Amino acid sequence: RSINDYGTVMPTVLMAAPGTLDTTFTDPNLNSPAYGVAVLAGGKILATGNFTAAGSDNTPHGRIARFNPDGTPDPDFGDPNLKSANAYASAQRVAIQDDGGILVTGDFITAGAGDDAYRFLARLGPDGGVDYSFRNPDIDGGDGGPTVGTGRGVAVQADGKVVVAGYFAAVGPESNPTPGSSERTPYGNLARFNADGTLDTTFINPHLDQFAHAVVIQPDGKILVAGSFTHVGAAAIPCQGLARFNPDGTPDPTFEDPQLGNNISGAGSCRALALQDDGKILVTGNFTTAGADNRPYRWLARINSDGTPDPTFENPDLDDGGEGGATGWGVAVQSDGRILVVGGFDTAAGQPRNGLARYHSNGSLDGGFANPNLTAAGAVAVQADGQILVCGNFTTAGTGNTPYRHLARFHG
C-alpha cells in the first residue's frame with residue numbers, strides 16, 4: 001500500500017522540559033555578577049550588575065549591558081561607564097520609560113565618558129548614552145561621603161515621575177528645583193523625582209527607618225515598598241518589611257503591618273515584590289514568618305491588598321541547607337499565574353531546586369519544573385514567549401554545568 005493510504009503523517013515536535021537550560025541562548029560572558037534583568041519591548045535584554053565587560057570579546061560595559069534575544073551583546077548599545085569611588089560600583093535595577101529611556105539605579109556616583117556626577121540614579125538613552133537633560137538627583141547616604149548610600153528599586157509613575165528606593169537620608173542640593181539652592185532635603189530611603197531629575201518636593205518624606213530594596217506602583221497610584229525597615233512615616237508606624245504609601249508619600253492607613261519576621265534574627269527583610277492582577281502582592285526575602293500569628297512562610301509569601309498574609313497560600317519552604325545568610329532575591333508571575341522565585345536556596349518544599357523554583361498559584365511547588373542547578377540567582381524576568389531569564393552570581397547552569405556567566409535562559 002502507498003503511504004498516502006494511511007493519511008497525513010504529522011511531524012513529532014519535542015517540547016523542552018520546563019526549567020531546563022535553553023542552550024540556544026549564547027553565554028553572555030559577564031565578567032562579574034549581575035543583579036538585575038529586564039526584557040525590552042522588542043525582545044532585547046538588559047542586564048545590570050557589578051560587571052565591566054560582556055561577550056566573547058570582553059567588550060567594555062560599565063555595569064549595564066544590552067543583549068540580543070540570542071544572548072549576544074548588542075553592538076548598538078554603548079558603554080554608559082557607571083563608576084564609584086571604589087571597585088564596588090554596581091547598577092542594580094532599571095525602569096523603562098515610554099520613550100525608550102532607561103532609568104538605572106545603583107552604587108555609582110558618575111556616568112558617561114566624562115565621569116559626570118550622577119549619584120545613584122541616571123537616565124540613559126536607548127543607545128546606552130547618558131541623557132544629560134536628566135539632572136543629577138544627588139541622592140546622599142547622609143554624611144556626604146562618596147561611597148555612602150545606594151539606589152536600589154526604581155519605578156515610573158503614569159505621570160512620568162520617578163520613585164527611587166534605596167539606602168539614603170537626603171537628596172540634593174543639585175536636584176533641588178530652586179536655582180542656586182544649597183539645601184539637602186531629608187528623605188528616608190524613598191524619594192520621588194520629576195521627569196527631568198529634579199526633586200519632587202510635593203512628595204512627603206516617608207521616613208523609612210531602614211533600607212528599601214524594591215518599589216512597585218499600583219494601578220491606583222499607591223506605592224508599594226519592600227525593604228529591611230520596621231517603621232514608616234513621621235509617626236514611626238510599625239510596618240515590617242513591606243509598606244504602602246499614598247501618592248503624596250504618606251503611609252496608607254488601610255494597609256496593615258504584614259509583620260514579615262525571622263525566627264532567628266527577629267526582623268525579616270523583603271528583597272523583592274511582584275503585584276498580581278488581583279491586587280495581591282508576592283514578596284520574597286529572608287523572612288520566615290508573616291502576620292500577627294507568625295504563620296510560617298519561608299522566603300516567599302503572598303500578601304492581601306490590605307497587608308494581611310493570604311492564608312490560602314502555602315508555605316513554599318525555601319531552604320539553603322542550614323548554611324545561613326541566604327535569602328530570596330527576586331520574584332515574577334507568569335501569564336498563567338505560576339510564580340517564579342530566585343535566590344540563594346538549594347531546596348524548595350523539600351525538593352532540590354538550586355537558585356530558581358516555580359510554584360503553582362496556591363504556593364505549592366511545581367514538580368514538573370526541573371532543577372536549574374544555579375549557585376545563586378538575583379533576579380528573574382519572563383519573556384513574551386514564556387522563556388525565563390535569570391541573572392546572579394553563577395558561572396554554570398543546568399544539569400550539565402554548562403558555562404553561563406551570570407545570565408542564563410530557561411524553558412518556561
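User: Which strand holds Asp140?

Analyst: In this predicted model, Asp140 lies in strand S11, which covers residues 139–140.

User: Why is Asp140 called buried?

Analyst: Asp140 has a relative accessible area of 7%. Buried means under 20%, so with 7% Asp140 earns the word.

User: What does Asp140 touch, leaving out residues up to four places away in sequence?

Analyst: Its partners are Arg119, Phe168, Ala169, Ala170 and Arg184. Touching here stands for heavy atoms within 4.5 Å.

User: Let's step back. How many helices and strands does the protein have?

Analyst: There are 39 strands and 0 helices.

User: How do you know whether the radius of gyration agrees with that of a compact globule?

Analyst: We set the value against a rule. For 412 residues, a compact globule would come out near 22 Å; the protein has 22 Å, so the two agree. Along the principal axes, the C-alpha atoms fill a box of roughly 90 × 55 × 40 Å.

User: What share of the residues is buried?

Analyst: Of the 412 residues, 55% are buried. As for the outside, the accessible surface comes to about 16,400 Å², and carbon and sulfur atoms hold 50% of that.

User: What part of the contacts joins residues 24 or more positions apart?

Analyst: Among contacts with a separation of 6 or more, such pairs account for 46%.

User: Now the pockets. How do you know where empty space is left?

Analyst: A probe the size of a water molecule is rolled over the atoms, and this shows where empty space remains. In this protein, the largest pocket holds about 1,100 Å³.

User: What makes up the lining of the largest pocket?

Analyst: It has 33 lining residues, and Val37, Val94, Val216, Leu273 and Val380 lie nearest the centre. Strands that give two or more residues to this lining include S1 (34–39), S6 (91–96) and S35 (377–382).

User: Why is Val37, one of those residues, counted as nonpolar?

Analyst: Val is on the nonpolar list, so Val37 is counted there. Across the whole lining, 25 residues are nonpolar, 6 polar and 2 charged.

User: And what about the second largest pocket?

Analyst: Its volume is about 340 Å³. The lining has 15 residues, with Tyr35, Gln92, Arg93, Trp329 and Gly378 closest to the centre. S1, S6 and S35 each supply at least two of the lining residues.

User: How do the residues of that second lining divide?

Analyst: They split into 6 nonpolar, 6 polar and 3 charged. Arg93 is one of the lining residues, and Arg counts as charged.

Methods. Residues numbered from 1 in each chain as written. Predicted model: local features only at pLDDT ≥ 70, side-chain atom pairs only at ≥ 80, totals over all residues. Heavy atoms only, no water. 1 Å grid on protein atoms, 1.4 Å probe; cavity = no way out; pocket = protein on both sides within 12 Å on 5 of 7 lines; lining within 4 Å. Points joined across faces, edges and corners; volume = space filled by probe spheres on them. Helix = DSSP H or I, 4+ residues; strand = E, 2+ residues; numbered from the N terminus. Rg over C-alpha atoms; globule rule 2.2 N^0.38 Å. Buried < 20%, exposed > 50% of the residue type's maximum accessible area, 1.4 Å probe, protein only. Areas by Shrake-Rupley, 256 points an atom, 1.4 Å probe, with all protein chains shown as cover.
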